[in-house]
Amino acid sequence: MPRSYLDFEEPLRELDRRRDAAAIAGDEMQVEALDREIASVARAISAGLGAWQRIALARHPDRPTAIEAFRVLCTDFVELRGDRCFGDDPAVVAGLARRNGRPLAVVGHQRGRDPGDRVRRNFGMARPEGFRKARRVFDLAGRMGLPILTLVDTQGAWPGTESEERGIAESISGCLAALAGAPVPVVAALLGEGGSGGALAFAVADRLLALENGCLSVITPEGCASILDRKRTPEGVARAAESLRMGASDLLRLGVVDVVVPEPEGGAHRDPDAAVQALGREIDRAFADLSEISPAALRSLRDERLRRLGRSELAVLVEPEQVC
Amino acid sequence: MKSSEGARREAGEPSPPETPPGPTTTPRGGDEALFVTCPSCRGPSYRKDVERRLLVCGTCGHHFRLTVEERLRITVDRGTWQETWPGLVGGDPLHWTEAPDGPAYPERVAAARAQTGHREAVVTGTAEIESVPVALGVMDFHFMGGTMGTAVGEKLARLVDLARETRRPLVVFTASGGARMQEGTLSLVQMAKVVAALVRLREACVPYVCVLTDPTTGGVCASLAMRGDVQVAEPGALIGFAGPRVIEQTIQQTLPPGFQRAETLLLQGMVDMVVHRGDLRTSLGRLLRALSKAPDAAR
Ligand SMILES: [Zn+2]
């Protein structure tokens, strides 16, 4: 499939074209030279990116999706479908698989690949059925003693009438409860964008990893900009993206994310397999850290991890405040 | 901001008992206004009449949004309220300003404190409702839209723990626009923190009654507000995850009447009952006595 280029990636388009032509012609010297040039241009682009452009990378059409990541990370993937109540939501992919020969449960948002697939999967914006399917698999994993791996990649839960009618809020809270109470190791990774409650539904974990351009936010920059300024200008959206401090490195500093995994030059979409394999190494490290811990201790540590978030911000006012 | 207000770092002991909440000082329509205008039927009413009816419109039955003081006054047994952690506050982790020249977040918080007389958007404590001891939380929509930041999440999580440790039924009145944008992702994760505490409460077999009041939306709806063992809603309350404006933009249509309202959620199976404010205390008492296996009310 032809590559897609964001406006700030345009300098790479011609280099990629020449590199591909050289590869077809079998000119290895030229390929090597162009690879070096591409890497250096990509590095220069990355270095100058603002928060909003990084979010654009997290939404990049060529960025690896959850299914593709599971295919790279796991073997023996068996998809489990349906919520046993209403339907099956293709915006969420769930199943059983093996990583390094060990079985585990995997759940992720699925944005879709080609345009038709994206529409079918509603761009990864899940309805209640998606969250209830996830919850079913979280519960199953807990009962069977299977570790849980989740991948977050959504702009948010689907804000449509049918979502509300079928209890989207309840379905998200059910995922939060299932992951908080899971008596097995839970590792989550911010693969792409993590928008609000629909993303958090899969991000309650013992370890939260993030790809370098992954993010997790209380509201999308667009939503934030419309609240602050009804007109929602591009400048307002970019400013909101900066203000929200939602990128992986900010989240690491805030303690929300435990590990940031560097992406290939130019972003994960420039070399999806390498990006996912780098993530896989950190996933292995996280599960290894957690493997010897008893279920009860896992849960205590998970609770404690949540309690730590934002704790340094808390204070107790001792003087009665003057109230006008 | 913290040092000038005499803050000290995290200690969090329960405060000494406070005096029972006094009469209402709601600013609706001006502090001294003789009349109030109903936001639903636009009809004017004597403030005193509306207050006598527990802030319910005599013409159309619209349930006005309550202050914390009003809610406590009509809900708890006189003299039983003891507030916990009244001084617990959050910080400004993102150094948030609304716009290049807009107000900073701490200024917004200060204004909300001045307006409500509370330090944060939830007030927690212990009380008795029809003689049943409970752990009680009341969210305050008048405080920055009842939004949940780190301090609100912390107070709610501690309240859930208090309920579990003292085996008091947990009662929370929700009223919130969701997670507090100004504290960013740290606000978002409060949803998980509170739900994790609720999972422990459930495992300890301590009951949780959630009373959804107008409005309960966003991250608060998608966390603690949908985890009650019993879900009670006030008439006409807006309850949902996405805001109506966002949904209308998504589907490019106007929403049907009653959408995301308490009565509709009852039909959709999301709440157990919609209870008129005048009957709420009695209903809560009956529920709490049954759930805590207390004897029936003395006749
Ligand atoms: Zn009225």
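## Close-ups of a predicted two-chain model

A:Asp76 sits in strand S1 (residues 75-79) of chain A. Keep in mind as you look around that this is a predicted model.

**View 1. Meet A:Asp76, a residue with an unusual sign on its phi angle.** Phi here is near 55 degrees, a positive value in a residue other than glycine. Is A:Asp76 buried or exposed? Count its C-beta neighbours inside 10 Å and you get 11; the cut-off for exposed is 12 or fewer, so A:Asp76 counts as exposed.

**View 2. A:Phe123 also has a positive phi.** The angle is about 55 degrees, although A:Phe123 is not a glycine. Where do you find this residue? Look in the loop between helix H5 (115-120) and helix H6 (128-144) of chain A. A:Phe123 has 16 other C-beta atoms within 10 Å, and that makes it partly exposed.

**View 3. Here is the seven-stranded open sheet of chain A.** Follow the strands across and you read the order S1-S2-S3-S4-S5-S6-S7, with mixed pairing. Why do S1 and strand S7 (259-261) of chain A each have one side without a neighbour in the sheet? They stand at the edges, each with a single partner strand, so one side of each is left free of neighbours there. The sheet isn't flat, either: on average, neighbouring strands are turned by 25 degrees against each other, ignoring direction. As background, strands of a sheet pair through backbone hydrogen bonds, in either a parallel or an antiparallel way.

**View 4. Zoom in on one edge of that sheet, where S1(A) meets strand S2 (residues 92-99) of chain A.** These two strands run antiparallel, and three bridges join them. Want a pair to look for? A:Glu79 has A:Gly95 in S2(A) as its bridge partner.

**View 5. Two helices of chain A pack on the sheet: H6(A) and H13(A).** H6(A) touches S2, strand S3 (102-109) and strand S4 (148-154) of chain A. Its direction makes about 25 degrees with that of S2(A). H13(A) touches S4, strand S5 (186-194), strand S6 (207-211) and S7 of chain A. The direction of H13(A) makes about 165 degrees with that of S6(A).

**View 6. Helix H4 (residues 66-73) of chain A crosses helix H13 (residues 272-290) of chain A.** Their axes come within 9 Å and cross at roughly 65 degrees, which makes H4(A) roughly perpendicular to H13(A). The crossing is right-handed. On the H4(A) side, the contact is made by A:Glu68, A:Ala69, A:Val72 and A:Leu73. H13(A) brings A:Pro272, A:Asp273, A:Val276, A:Gln277, A:Gly280 and A:Ile283. Sorted by class, this contact has six nonpolar, two polar and two charged residues.

**View 7. Over in chain B, helix H4 (residues 150-166) and helix H5 (residues 184-203) lie alongside each other.** How do they line up? The axes come within 9 Å and cross at roughly 5 degrees; angles under 35 degrees count as roughly parallel, so that is what H4(B) and H5(B) are. The contact includes B:Leu156, B:Ala157 and B:Val160 of H4(B), along with B:Val194, B:Ala197 and B:Leu198 of H5(B), among others. Its residues divide into ten nonpolar, four polar and four charged. For the wider setting, chain B has nine helices and twelve strands, and buried residues make up 52% of its 299 residues.

**View 8. A cis peptide bond turns up between B:Asp214 and B:Pro215.** Omega for this bond is about -15 degrees. You'll find B:Pro215 in strand S9 (residues 208-217) of chain B.

**View 9. Finally, look where the two chains touch.** Here 50 residues of chain A are in contact with 58 residues of chain B. Which element of chain A gives the most to this side? H8(A) does, with nine residues. Other elements that each supply at least two residues include helix H7 (161-165), helix H10 (221-228) and helix H14 (295-308) of chain A. The chain A side divides into 30 nonpolar, ten polar and ten charged residues.

**View 10. Strand pairing also links the two chains.** S8(A) and strand S5 (residues 88-89) of chain B pair in the antiparallel sense over two bridges. One of the residues to look for is A:Ala315, whose bridge partner in S5(B) is B:Val89.

Definitions and conventions
Residues are numbered from 1 along each chain as its sequence is written. Chains are lettered from A and ligands numbered from 1 in the order in which they are written. This is a predicted model: local features need pLDDT of at least 70, side-chain atom pairs count only at pLDDT 80 or more; totals for chains, interfaces and linings use all residues. Two residues are in contact if their C-beta atoms, placed from the backbone, lie within 7 Å. Helices (H or I, at least four residues) and strands (E, at least two) are DSSP runs, numbered from the N terminus. Ala, Val, Leu, Ile, Met, Phe, Trp, Tyr, Cys and Pro count as nonpolar, Asp, Glu, Lys and Arg as charged, and the others, Gly among them, as polar. Two strands pair if DSSP finds at least two bridges between them. A residue is buried if 20 or more other C-beta atoms lie within 10 Å of its own, exposed if 12 or fewer, and partly exposed in between; C-beta atoms are placed from the backbone. Axes are lines fitted to C-alpha atoms, for helices over the stretch in contact, and angles run from 0 to 180 degrees between N-to-C directions. Angles under 35 degrees count as roughly parallel, over 145 as roughly antiparallel, 65 to 115 as roughly perpendicular and the rest as oblique. A crossing is left-handed if the near helix is turned anticlockwise from the far one by less than a right angle, and right-handed if clockwise.
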